[in-house]
Amino acid sequence: MTTAERSTGQVIALGGRLVGDGHPAYVIAEAGINHNGDVELAKRLVDVAADAGADAVKFQKRTPEIATPPDMRDTRRDTPWGEMSYLEYRRRVEFDVEQYEEVDRHAKERGIAWFASPWDVPSVAFLERFSVPLHKVASASLTDIPLLEALRDTGQPVIASTGMSTIEEVDRAVGVLGTEQLVLLHTTSTYPCPPEESNLRGIATLRERYGVPVGYSGHERGLQVSIAAVALGACVVERHVTLDRAMWGSDHAASLEPEGLRRLVRDIRIVETALGDGVKRVFPGEEAPRKRLRRV
């Protein structure tokens, strides 16, 4: 029996890969804004993802004047470029068309898919010009109905994170997005996330409630929780990636460094192989011990 024949749930295509029950987990290296506004650093993060064997690398796209909360815009922030308002900081780390064109070319050269989380409606149209294979809804945007409608109307597959959300808020988002091209990600939006807040049984809760493929977006330190998520059926695994966790920025501490990402992909593939098909049988390696040790 093939892997596909063992599939019991919905399967959708993400960037040329089938994702869902019976298929290998789709591993996303979340570069986010860990490039700190430096396109060369962004391209190095693409390299890290490709070298580790990830399926895709993800960024974030904002229109700062729309996506920055009004009460946060004038908040002062110390940055590597000096003190500035939070709005100025958001402008400083945002990529324009030319910079994303560089990222797009580099990802194609490395043979890895890329996409982004748009944080506002104009950013959806911005990303569409690059023919990204899918879109991502950040946990913070799950209640932004106009954004969800814009994403739905692209006709592209959508991955939606469910952190910091009630089940009623997830219901509403799924009602807008529909289920035909949707993957939900169980996540807890604590950075970094302690094991006691990971609540991995939420993967089964989402799968049973909505009947869509469900993955996991992790913000924890280490690899154990993400590996356990795959054992519990996560069909997508997303982890932040950085060149150095000591770098300046809000997401670096909860990110994996290059070797950590490589080990994550390696261990996910080992776990998937170890899960098998569930059919009880005597394996070839058991034959000799069986003959030697069985008395009756």
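These exercises look at aromatic rings in a predicted model.

**Exercise 1.** Classify the pair formed by the rings of Trp114 and Phe130: stacked, tilted or edge-to-face?

*Solution.* A pair of aromatic rings is described by the distance of the centres and the angle of the planes. Start with the distance. The centres of Trp114 and Phe130 lie 5.7 Å apart. The cut-off for a pair is within 6.5 Å. Now take the angle. The planes stand at 65 degrees, so the pair is edge-to-face. An angle over 60 degrees earns that label.

**Exercise 2.** Where in the chain do Trp114 and Phe130 sit?

*Solution.* Trp114 belongs to strand S7, residues 113-118. Phe130 is in the loop between helix H5 (121-128) and strand S8 (135-137). The two residues are 16 apart, and their pair links distant parts of the chain.

**Exercise 3.** Is Trp114 buried or exposed? Decide for Phe130 as well.

*Solution.* Buried means under 20% relative accessible area. Trp114 has 4%, so Trp114 is buried. Phe130 has 10%, so Phe130 is buried.

**Exercise 4.** Classify the pair of Phe126 and Phe130.

*Solution.* The ring centres are 5.7 Å apart. The planes are at 50 degrees, so this pair is tilted. Phe126 is buried, with a relative accessible area of 10%.

**Exercise 5.** Which residues form one aromatic cluster with Trp114, Phe126 and Phe130?

*Solution.* Add Phe59, Phe95 and Tyr100. The count of aromatic pairs in the model comes to 9.

**Exercise 6.** Over the face of which ring does Arg62 lie? Do the same for Arg77.

*Solution.* Arg62 lies over Trp119, 3.8 Å from the ring centre. Arg77 lies over Tyr89, at 4.4 Å from the ring centre.

How values were computed: Residues are numbered from 1 along each chain as its sequence is written. This is a predicted model: local features need pLDDT of at least 70, side-chain atom pairs count only at pLDDT 80 or more; totals for chains, interfaces and linings use all residues. Side-chain values use heavy atoms; hydrogens and water are left out. Rings of Phe, Tyr and Trp (its six-membered ring) pair if their centres lie within 6.5 Å; planes under 30 degrees apart count as stacked, over 60 as edge-to-face and the rest as tilted. Helices (H or I, at least four residues) and strands (E, at least two) are DSSP runs, numbered from the N terminus. Buried means under 20% relative accessible area, exposed over 50%, partly exposed in between (1.4 Å probe, protein chains only). A charge sits over a ring if NZ of Lys or CZ of Arg is within 6 Å of the ring centre and within 35 degrees of the ring normal.
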